[in-house]
Amino acid sequence: LHLGNPRFSTIKQGNFEGIAPLNKLWIEGGNLSQYEPGSLKSIKKINHMIINLRSINVFSAIVRDLLHSVTWLEVRKIAFSIPAEMQVLRVMSSSFAKKISFKQVLLTDATVPEIVSILEDMPKLVEVEMIDCRLLGTGRWDMQIQANQSQTVRVLTIEKLSIEQFYLFTDLQAVEGLLSLLTKVTVENTKVFLVPCRLSQRLLSLEYLDLSANLLGDQSLEHSACQGGWPSLQTLNLSQNSLSDLEMTGKSLSHLRNLSLLDISQNNFGEIPDVCEWPKHLKYLNLSSTHIPKLTTCIPPTLEVLDVSANNLKEFGLQLPFLKELYLTKNQLKTLPGATPIPNLVAMSVRRNKLNSFSREEFESFKKMELLDASDNNFICSCEFLSFIHHQAGIAQVLVGWPDKYVCDS
(Lines give C-alpha, C1' and ligand atoms only; values in the text may rest on other atoms or scores of the structure.)
Protein backbone atom coordinates (compact mmCIF):
# COMPACT_ATOMS: atom_id res chain seq x y z
CA LEU A 1 0.00 0.00 0.00
CA HIS A 2 1.55 3.31 -1.14
CA LEU A 3 -0.32 6.44 -0.12
CA GLY A 4 0.04 10.14 0.57
CA ASN A 5 0.94 13.36 -1.26
CA PRO A 6 2.43 16.78 -0.39
CA ARG A 7 -0.89 18.01 1.08
CA PHE A 8 -1.65 14.86 3.07
CA SER A 9 -1.76 16.00 6.71
CA THR A 10 -3.81 13.70 8.97
CA ILE A 11 -4.07 10.01 9.87
CA LYS A 12 -7.06 9.05 12.01
CA GLN A 13 -8.22 5.92 13.81
CA GLY A 14 -10.11 3.61 11.50
CA ASN A 15 -8.17 4.69 8.39
CA PHE A 16 -6.45 1.30 8.19
CA GLU A 17 -9.28 -0.81 9.59
CA GLY A 18 -9.53 -4.26 8.02
CA ILE A 19 -5.93 -4.50 6.80
CA ALA A 20 -4.23 -7.32 8.70
CA PRO A 21 -0.85 -8.21 7.13
CA LEU A 22 1.03 -5.97 4.67
CA ASN A 23 4.23 -6.75 2.83
CA LYS A 24 5.00 -3.06 2.27
CA LEU A 25 3.42 0.14 3.57
CA TRP A 26 4.72 3.39 2.12
CA ILE A 27 3.41 6.67 3.51
CA GLU A 28 4.37 9.93 1.77
CA GLY A 29 3.77 12.35 4.61
CA GLY A 30 6.11 15.30 4.11
CA ASN A 31 3.47 17.52 5.74
CA LEU A 32 1.87 14.95 8.00
CA SER A 33 1.21 16.93 11.17
CA GLN A 34 -1.53 15.01 12.99
CA TYR A 35 -1.53 11.36 13.87
CA GLU A 36 -4.20 9.88 16.08
CA PRO A 37 -2.56 7.29 18.37
CA GLY A 38 -3.62 3.73 17.58
CA SER A 39 -4.37 4.43 13.88
CA LEU A 40 -1.79 1.94 12.56
CA LYS A 41 -2.17 -0.52 15.41
CA SER A 42 -4.83 -2.54 13.60
CA ILE A 43 -2.21 -3.77 11.07
CA LYS A 44 -0.72 -6.78 12.78
CA LYS A 45 2.31 -7.30 10.54
CA ILE A 46 4.24 -5.05 8.13
CA ASN A 47 7.39 -6.47 6.55
CA HIS A 48 8.70 -3.17 5.18
CA MET A 49 7.42 0.23 6.29
CA ILE A 50 8.63 3.37 4.45
CA ILE A 51 7.70 6.69 5.96
CA ASN A 52 8.62 10.10 4.67
CA LEU A 53 7.91 12.93 7.15
CA ARG A 54 9.31 16.01 8.83
CA SER A 55 7.78 15.97 12.29
CA ILE A 56 9.73 14.07 14.95
CA ASN A 57 6.66 14.01 17.23
CA VAL A 58 4.46 12.38 14.59
CA PHE A 59 7.25 9.91 13.84
CA SER A 60 7.48 8.99 17.51
CA ALA A 61 3.72 8.44 17.78
CA ILE A 62 3.71 6.22 14.69
CA VAL A 63 6.67 4.16 15.93
CA ARG A 64 4.86 3.61 19.23
CA ASP A 65 2.04 1.89 17.32
CA LEU A 66 4.41 -0.24 15.27
CA LEU A 67 6.69 -1.58 18.00
CA HIS A 68 5.77 -5.21 17.40
CA SER A 69 4.47 -5.27 13.83
CA VAL A 70 7.26 -3.81 11.64
CA THR A 71 10.25 -5.94 10.59
CA TRP A 72 12.04 -3.30 8.46
CA LEU A 73 11.52 0.39 9.17
CA GLU A 74 12.70 2.92 6.60
CA VAL A 75 12.70 6.62 7.52
CA ARG A 76 13.07 9.30 4.85
CA LYS A 77 13.70 13.05 4.75
CA ILE A 78 13.67 13.82 8.45
CA ALA A 79 16.20 15.97 10.30
CA PHE A 80 17.71 14.74 13.55
CA SER A 81 19.44 18.00 14.40
CA ILE A 82 18.67 18.92 18.03
CA PRO A 83 19.53 16.58 20.95
CA ALA A 84 16.44 17.75 22.87
CA GLU A 85 14.19 16.21 20.21
CA MET A 86 15.88 12.85 20.56
CA GLN A 87 14.16 12.03 23.85
CA VAL A 88 10.89 11.67 21.91
CA LEU A 89 12.58 8.90 19.90
CA ARG A 90 13.43 6.81 22.98
CA VAL A 91 10.26 4.84 22.22
CA MET A 92 12.17 3.26 19.30
CA SER A 93 14.37 1.31 21.67
CA SER A 94 11.37 -0.93 22.46
CA SER A 95 10.78 -1.72 18.77
CA PHE A 96 11.18 -5.30 17.58
CA ALA A 97 12.34 -4.20 14.10
CA LYS A 98 15.24 -6.20 12.63
CA LYS A 99 16.34 -3.55 10.13
CA ILE A 100 16.36 0.26 10.19
CA SER A 101 17.08 2.43 7.14
CA PHE A 102 17.67 6.17 7.04
CA LYS A 103 17.39 7.82 3.60
CA GLN A 104 18.03 11.51 2.92
CA VAL A 105 18.20 12.09 6.66
CA LEU A 106 20.15 14.89 8.33
CA LEU A 107 22.35 14.04 11.33
CA THR A 108 24.64 16.20 13.45
CA ASP A 109 27.55 15.51 15.79
CA ALA A 110 25.17 16.33 18.64
CA THR A 111 22.51 13.78 17.69
CA VAL A 112 24.59 10.81 16.47
CA PRO A 113 25.40 9.55 20.01
CA GLU A 114 21.70 9.68 20.91
CA ILE A 115 20.68 7.72 17.83
CA VAL A 116 23.43 5.14 18.36
CA SER A 117 22.32 4.72 21.95
CA ILE A 118 18.67 4.20 20.91
CA LEU A 119 19.57 1.69 18.18
CA GLU A 120 21.81 -0.20 20.60
CA ASP A 121 18.91 -0.84 22.94
CA MET A 122 16.65 -2.31 20.24
CA PRO A 123 16.38 -6.00 21.19
CA LYS A 124 16.13 -7.54 17.69
CA LEU A 125 17.96 -5.06 15.48
CA VAL A 126 20.40 -6.80 13.10
CA GLU A 127 20.89 -4.29 10.28
CA VAL A 128 21.35 -0.50 10.08
CA GLU A 129 21.44 1.30 6.74
CA MET A 130 22.12 4.96 5.85
CA ILE A 131 21.72 6.04 2.24
CA ASP A 132 22.11 9.55 0.80
CA CYS A 133 22.30 11.13 4.27
CA ARG A 134 24.10 14.29 5.44
CA LEU A 135 26.24 14.59 8.55
CA LEU A 136 26.99 18.05 9.89
CA GLY A 137 30.18 17.76 11.90
CA THR A 138 33.48 15.92 12.06
CA GLY A 139 32.68 12.82 14.10
CA ARG A 140 33.67 14.17 17.51
CA TRP A 141 31.07 12.24 19.45
CA ASP A 142 30.90 11.83 23.19
CA MET A 143 29.91 8.21 23.61
CA GLN A 144 28.97 7.08 27.09
CA ILE A 145 27.63 3.83 25.79
CA GLN A 146 30.68 1.65 25.42
CA ALA A 147 29.46 -0.73 28.11
CA ASN A 148 26.12 -1.73 26.65
CA GLN A 149 27.05 -2.29 23.02
CA SER A 150 24.30 -3.91 20.97
CA GLN A 151 24.49 -7.69 21.08
CA THR A 152 22.42 -8.11 17.91
CA VAL A 153 23.54 -5.60 15.24
CA ARG A 154 25.71 -7.34 12.63
CA VAL A 155 25.25 -5.40 9.37
CA LEU A 156 26.07 -1.73 8.77
CA THR A 157 25.60 -0.07 5.37
CA ILE A 158 26.51 3.54 4.58
CA GLU A 159 26.15 4.78 1.00
CA LYS A 160 26.76 8.31 -0.25
CA LEU A 161 27.05 9.91 3.17
CA SER A 162 27.83 13.57 2.63
CA ILE A 163 30.23 15.04 5.18
CA GLU A 164 31.11 18.54 4.05
CA GLN A 165 34.29 18.69 6.14
CA PHE A 166 35.31 15.08 5.47
CA TYR A 167 39.02 16.07 5.54
CA LEU A 168 38.62 17.07 9.22
CA PHE A 169 36.80 13.87 10.16
CA THR A 170 38.12 12.11 13.28
CA ASP A 171 39.60 8.64 13.65
CA LEU A 172 36.31 7.44 15.23
CA GLN A 173 38.09 6.38 18.42
CA ALA A 174 34.85 6.97 20.33
CA VAL A 175 33.02 4.13 18.56
CA GLU A 176 35.82 1.54 18.49
CA GLY A 177 34.15 -0.46 21.23
CA LEU A 178 30.93 -0.85 19.22
CA LEU A 179 32.49 -2.70 16.31
CA SER A 180 33.66 -6.10 17.48
CA LEU A 181 30.45 -7.99 16.58
CA LEU A 182 29.81 -6.51 13.11
CA THR A 183 30.06 -9.13 10.33
CA LYS A 184 29.15 -7.05 7.25
CA VAL A 185 30.12 -3.41 6.67
CA THR A 186 29.60 -1.29 3.56
CA VAL A 187 30.86 2.30 3.38
CA GLU A 188 30.50 3.25 -0.25
CA ASN A 189 30.95 6.55 -2.10
CA THR A 190 31.65 8.43 1.16
CA LYS A 191 35.16 9.87 0.52
CA VAL A 192 36.86 7.38 2.85
CA PHE A 193 40.61 7.84 2.42
CA LEU A 194 41.77 5.75 5.40
CA VAL A 195 40.52 3.24 7.96
CA PRO A 196 42.54 3.79 11.15
CA CYS A 197 44.54 0.68 12.03
CA ARG A 198 43.07 0.61 15.55
CA LEU A 199 39.58 0.57 14.08
CA SER A 200 40.49 -2.30 11.72
CA GLN A 201 41.87 -4.28 14.64
CA ARG A 202 38.57 -3.91 16.50
CA LEU A 203 36.55 -5.36 13.60
CA LEU A 204 37.13 -8.88 14.90
CA SER A 205 34.04 -10.57 13.42
CA LEU A 206 34.03 -8.75 10.07
CA GLU A 207 33.58 -11.15 7.14
CA TYR A 208 32.42 -8.75 4.41
CA LEU A 209 33.80 -5.25 3.75
CA ASP A 210 32.78 -3.01 0.85
CA LEU A 211 34.76 0.23 0.52
CA SER A 212 34.01 0.83 -3.16
CA ALA A 213 33.97 4.28 -4.80
CA ASN A 214 36.16 5.94 -2.16
CA LEU A 215 39.62 7.56 -2.05
CA LEU A 216 41.90 4.79 -0.75
CA GLY A 217 45.43 4.88 -2.15
CA ASP A 218 48.29 2.38 -1.91
CA GLN A 219 49.76 3.83 1.30
CA SER A 220 46.43 4.27 3.05
CA LEU A 221 45.38 0.70 2.20
CA GLU A 222 48.60 -0.59 3.76
CA HIS A 223 47.75 1.32 6.95
CA SER A 224 44.05 0.31 6.89
CA ALA A 225 44.78 -3.41 6.43
CA CYS A 226 47.45 -3.41 9.14
CA GLN A 227 48.66 -6.51 10.99
CA GLY A 228 45.81 -7.79 13.16
CA GLY A 229 43.21 -5.81 11.21
CA TRP A 230 40.10 -7.50 9.75
CA PRO A 231 41.18 -10.98 11.01
CA SER A 232 38.01 -12.81 9.85
CA LEU A 233 37.58 -11.03 6.48
CA GLN A 234 36.46 -13.24 3.57
CA THR A 235 35.16 -10.70 1.00
CA LEU A 236 36.72 -7.31 0.24
CA ASN A 237 35.53 -4.81 -2.37
CA LEU A 238 37.96 -1.97 -3.14
CA SER A 239 36.70 -1.19 -6.64
CA GLN A 240 36.77 2.44 -7.85
CA ASN A 241 39.44 3.71 -5.47
CA SER A 242 42.86 5.28 -6.14
CA LEU A 243 45.04 2.15 -6.04
CA SER A 244 47.87 2.08 -8.59
CA ASP A 245 50.42 -0.52 -7.43
CA LEU A 246 49.17 -4.12 -7.72
CA GLU A 247 52.23 -5.58 -6.00
CA MET A 248 51.67 -3.32 -2.99
CA THR A 249 47.93 -4.08 -2.92
CA GLY A 250 48.60 -7.84 -2.79
CA LYS A 251 51.27 -7.40 -0.15
CA SER A 252 49.08 -5.18 2.08
CA LEU A 253 46.37 -7.86 2.09
CA SER A 254 48.60 -10.96 2.15
CA HIS A 255 48.20 -11.54 5.90
CA LEU A 256 44.37 -11.86 5.60
CA ARG A 257 44.33 -15.62 5.77
CA ASN A 258 40.55 -16.03 5.31
CA LEU A 259 40.23 -13.67 2.34
CA SER A 260 38.83 -15.54 -0.65
CA LEU A 261 37.08 -12.85 -2.72
CA LEU A 262 38.78 -9.59 -3.77
CA ASP A 263 37.34 -6.95 -6.11
CA ILE A 264 39.90 -4.30 -7.12
CA SER A 265 38.32 -3.40 -10.47
CA GLN A 266 38.28 0.19 -11.78
CA ASN A 267 41.58 1.13 -10.18
CA ASN A 268 44.55 2.29 -12.24
CA PHE A 269 47.21 -0.42 -12.06
CA GLY A 270 48.70 -0.32 -15.56
CA GLU A 271 51.85 -2.49 -15.95
CA ILE A 272 52.03 -5.26 -13.36
CA PRO A 273 55.18 -7.00 -11.99
CA ASP A 274 56.08 -10.67 -12.53
CA VAL A 275 55.83 -11.74 -8.90
CA CYS A 276 53.31 -10.70 -6.22
CA GLU A 277 52.34 -11.82 -2.72
CA TRP A 278 48.66 -12.62 -2.09
CA PRO A 279 46.43 -14.04 0.64
CA LYS A 280 46.96 -17.82 0.65
CA HIS A 281 43.37 -18.83 -0.13
CA LEU A 282 42.30 -16.22 -2.68
CA LYS A 283 39.72 -17.77 -5.01
CA TYR A 284 38.01 -14.84 -6.75
CA LEU A 285 39.85 -11.83 -8.20
CA ASN A 286 38.26 -9.00 -10.18
CA LEU A 287 40.79 -6.89 -12.10
CA SER A 288 38.46 -5.55 -14.79
CA SER A 289 38.99 -1.97 -16.09
CA THR A 290 42.40 -1.53 -14.46
CA HIS A 291 44.46 -0.55 -17.57
CA ILE A 292 46.56 -3.74 -17.51
CA PRO A 293 48.26 -4.16 -20.93
CA LYS A 294 49.67 -7.66 -20.29
CA LEU A 295 49.11 -10.36 -17.65
CA THR A 296 52.02 -11.90 -15.74
CA THR A 297 52.57 -14.61 -13.14
CA CYS A 298 51.75 -11.93 -10.54
CA ILE A 299 48.18 -13.32 -10.81
CA PRO A 300 47.77 -15.85 -7.95
CA PRO A 301 47.63 -19.54 -9.02
CA THR A 302 44.97 -20.39 -6.38
CA LEU A 303 42.16 -18.62 -8.28
CA GLU A 304 38.88 -20.26 -9.27
CA VAL A 305 37.36 -17.10 -10.81
CA LEU A 306 39.29 -14.37 -12.65
CA ASP A 307 37.78 -11.28 -14.27
CA VAL A 308 40.18 -9.25 -16.44
CA SER A 309 37.56 -7.69 -18.73
CA ALA A 310 38.10 -4.28 -20.38
CA ASN A 311 41.91 -4.29 -20.23
CA ASN A 312 43.36 -4.17 -23.79
CA LEU A 313 44.84 -7.69 -23.43
CA LYS A 314 46.13 -9.25 -26.62
CA GLU A 315 46.67 -12.77 -25.24
CA PHE A 316 45.98 -15.03 -22.28
CA GLY A 317 48.46 -17.76 -21.36
CA LEU A 318 48.47 -18.00 -17.57
CA GLN A 319 48.73 -21.36 -15.82
CA LEU A 320 45.79 -21.49 -13.41
CA PRO A 321 45.08 -25.13 -12.54
CA PHE A 322 42.00 -24.45 -10.35
CA LEU A 323 40.35 -21.83 -12.57
CA LYS A 324 36.66 -22.49 -13.29
CA GLU A 325 35.49 -19.12 -14.64
CA LEU A 326 37.38 -16.66 -16.84
CA TYR A 327 36.03 -13.30 -18.00
CA LEU A 328 37.91 -11.64 -20.89
CA THR A 329 35.16 -9.39 -22.30
CA LYS A 330 36.25 -6.18 -24.12
CA ASN A 331 39.88 -7.07 -24.82
CA GLN A 332 41.92 -7.52 -28.03
CA LEU A 333 42.25 -11.35 -28.20
CA LYS A 334 42.47 -12.80 -31.71
CA THR A 335 42.27 -16.45 -30.62
CA LEU A 336 40.73 -18.44 -27.79
CA PRO A 337 43.11 -18.99 -24.83
CA GLY A 338 44.83 -22.39 -24.83
CA ALA A 339 43.05 -25.03 -22.74
CA THR A 340 46.11 -26.87 -21.36
CA PRO A 341 47.08 -24.25 -18.69
CA ILE A 342 43.42 -23.91 -17.57
CA PRO A 343 42.17 -27.54 -17.63
CA ASN A 344 39.22 -27.10 -15.23
CA LEU A 345 37.52 -24.19 -16.97
CA VAL A 346 33.71 -24.42 -16.86
CA ALA A 347 32.70 -20.95 -18.12
CA MET A 348 34.47 -18.34 -20.23
CA SER A 349 33.53 -15.04 -21.81
CA VAL A 350 35.51 -13.65 -24.76
CA ARG A 351 32.73 -11.33 -25.87
CA ARG A 352 33.72 -8.18 -27.78
CA ASN A 353 37.26 -9.23 -28.69
CA LYS A 354 38.95 -9.62 -32.11
CA LEU A 355 38.19 -13.29 -32.75
CA ASN A 356 37.83 -14.24 -36.44
CA SER A 357 37.06 -17.90 -35.81
CA PHE A 358 38.01 -20.86 -33.65
CA SER A 359 38.66 -24.43 -34.68
CA ARG A 360 36.98 -27.63 -33.66
CA GLU A 361 40.21 -28.67 -31.88
CA GLU A 362 40.34 -25.45 -29.85
CA PHE A 363 36.68 -25.77 -28.88
CA GLU A 364 36.90 -29.46 -27.92
CA SER A 365 40.15 -29.05 -25.97
CA PHE A 366 38.12 -27.48 -23.13
CA LYS A 367 36.91 -30.76 -21.64
CA LYS A 368 34.73 -29.26 -18.89
CA MET A 369 33.38 -26.18 -20.67
CA GLU A 370 29.66 -25.66 -20.10
CA LEU A 371 29.28 -22.02 -21.15
CA LEU A 372 31.26 -20.06 -23.72
CA ASP A 373 30.28 -16.52 -24.63
CA ALA A 374 32.08 -15.54 -27.83
CA SER A 375 29.39 -13.17 -29.09
CA ASP A 376 30.01 -9.75 -30.67
CA ASN A 377 33.26 -10.80 -32.36
CA ASN A 378 34.22 -10.28 -36.01
CA PHE A 379 33.78 -13.83 -37.24
CA ILE A 380 34.86 -14.73 -40.76
CA CYS A 381 32.64 -17.49 -42.05
CA SER A 382 35.03 -19.80 -43.87
CA CYS A 383 33.71 -23.14 -45.15
CA GLU A 384 35.71 -24.92 -42.46
CA PHE A 385 34.30 -22.77 -39.62
CA LEU A 386 30.74 -23.12 -40.90
CA SER A 387 30.85 -26.91 -41.28
CA PHE A 388 32.29 -27.25 -37.76
CA ILE A 389 29.51 -25.07 -36.34
CA HIS A 390 26.80 -26.93 -38.24
CA HIS A 391 27.99 -30.39 -37.28
CA GLN A 392 29.02 -29.82 -33.69
CA ALA A 393 25.98 -31.18 -31.86
CA GLY A 394 26.60 -29.63 -28.45
CA ILE A 395 27.64 -26.18 -29.63
CA ALA A 396 24.21 -24.62 -29.22
CA GLN A 397 24.08 -25.71 -25.57
CA VAL A 398 27.53 -24.25 -24.84
CA LEU A 399 27.57 -21.01 -26.85
CA VAL A 400 25.83 -18.16 -25.00
CA GLY A 401 23.51 -16.12 -27.23
CA TRP A 402 23.63 -18.63 -30.10
CA PRO A 403 22.78 -18.00 -32.92
CA ASP A 404 21.50 -14.38 -32.83
CA LYS A 405 24.64 -12.84 -31.36
CA TYR A 406 26.98 -14.54 -33.82
CA VAL A 407 26.81 -12.55 -37.05
CA CYS A 408 29.54 -13.06 -39.62
CA ASP A 409 31.55 -10.07 -40.72
CA SER A 410 32.24 -11.65 -44.07
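In the predicted model, Ser69 is a buried residue, with a relative accessible area of 8%. Ser69 occupies the loop that joins helix H1 to strand E6. Beyond its neighbours up to four places away in sequence, Ser69 touches Ile43, Lys44, Lys45 and Ile46. The two elements that flank this loop, helix H1 (56-65) and strand E6 (70-76), recur in the description of the domain interface below.

The protein chain as a whole has nine helices and 22 strands. Of its 410 residues, 50% are buried. Along the principal axes, the C-alpha atoms fill a box of roughly 80 × 50 × 30 Å. Among contacts between residues at least 6 apart in sequence, 61% join residues at least 24 apart.

The domain assignment divides the chain into domain 1 (1-77), domain 2 (86-178) and domain 3 (189-312). A distance of 22 Å separates the C-alpha centres of domain 1 and domain 2. Their contact takes 16 residues from domain 1 and 18 residues from domain 2. About 1,600 Å² is buried between domain 1 and domain 2, with 66% of this area on carbon and sulfur atoms. Polar contact across the interface involves twelve residue pairs, both residues being at pLDDT 80 or more. On the side of domain 1 that touches domain 2, helix H1 and strand E6 are the elements that give two or more residues. Strand E6 gives the most to that side, with seven residues.

One salt bridge is counted between domain 1 and domain 2, whereas the overall count comes to 13 salt bridges. Glu74 and Lys103 form a salt bridge in which the closest N and O atoms are 3.5 Å apart. Because Glu74 lies in strand E6 and Lys103 in strand E8 (residues 99-103), this pair ties together parts that are 29 residues apart in sequence. The partners differ in their burial class: Glu74 is buried, with a relative accessible area of 1%, while Lys103 is partly exposed at 22% relative accessibility. Glu74 and Lys103 also belong, together with Arg76, to a network of salt bridges.

Strand E8 takes part in a further salt bridge through Lys99, whose side chain meets that of Glu127 at 3.5 Å, N to O. Glu127 lies in strand E10 and Lys99 in strand E8, so this pair ties together parts that are 28 residues apart in sequence. Lys99 counts as buried at 14% relative accessibility, and Glu127 as partly exposed at 21%. Within helix H7, Glu364 forms a salt bridge with Arg360, with the closest N and O atoms 3.2 Å apart. These two residues are four places apart in helix H7, about one turn of the helix. Glu364 is partly exposed, at 35% relative accessibility, as is Arg360, at 42%.

Three further loop positions were examined. Lys124, in the loop between helix H3 (112-121) and strand E10 (127-131), is partly exposed, with a relative accessible area of 40%. Residues up to four places away in sequence being left out, Lys124 touches Phe96, Ala97, Lys98 and Thr152. The C-alpha atom of Lys124 is separated by 48 Å from that of Leu399, which lies 275 residues away along the chain. Glu176, in the loop between strand E13 (162-163) and strand E14 (184-188), counts as buried at 6% relative accessibility. Apart from neighbours within four places in sequence, Glu176 is in contact with Arg198, Leu199 and Arg202. Ile272 belongs to the loop between strand E17 (261-263) and strand E18 (284-286) and is likewise buried, at 8% relative accessibility. With residues up to four places away not counted, Ile272 touches Leu246, Ile292, Lys294, Leu295, Thr296, Cys298 and Ile299. From C-alpha to C-alpha, Ile272 and Arg7 are 60 Å apart in space, and 265 residues apart in sequence.

Helix H8 (residues 383-391) has a buried side and an exposed face. Phe385, Phe388 and Ile389 are buried in helix H8. These residues are on the same side of H8 because they cover an arc of only 95° around the axis. Cys383, His390 and His391 are exposed and lie on the face of H8 turned away from its buried side. The cover over the buried residues of H8 includes helix H7 (360-364) and helix H9 (395-398).

Methods: Residues numbered from 1 in each chain as written. Predicted model: local features only at pLDDT ≥ 70, side-chain atom pairs only at ≥ 80, totals over all residues. Heavy atoms only, no water. Buried < 20%, exposed > 50% of the residue type's maximum accessible area, 1.4 Å probe, protein only. Arc of directions from axis to C-beta. Contact = heavy atoms within 4.5 Å. Domains from an automatic or database assignment. Buried area = accessible area lost by both parts, 1.4 Å probe. Salt bridge = Lys/Arg side-chain N within 4 Å of Asp/Glu carboxyl O. Polar contact = N/O pair within 3.5 Å; in protein donor to acceptor, adjacent residues only side chain to side chain.
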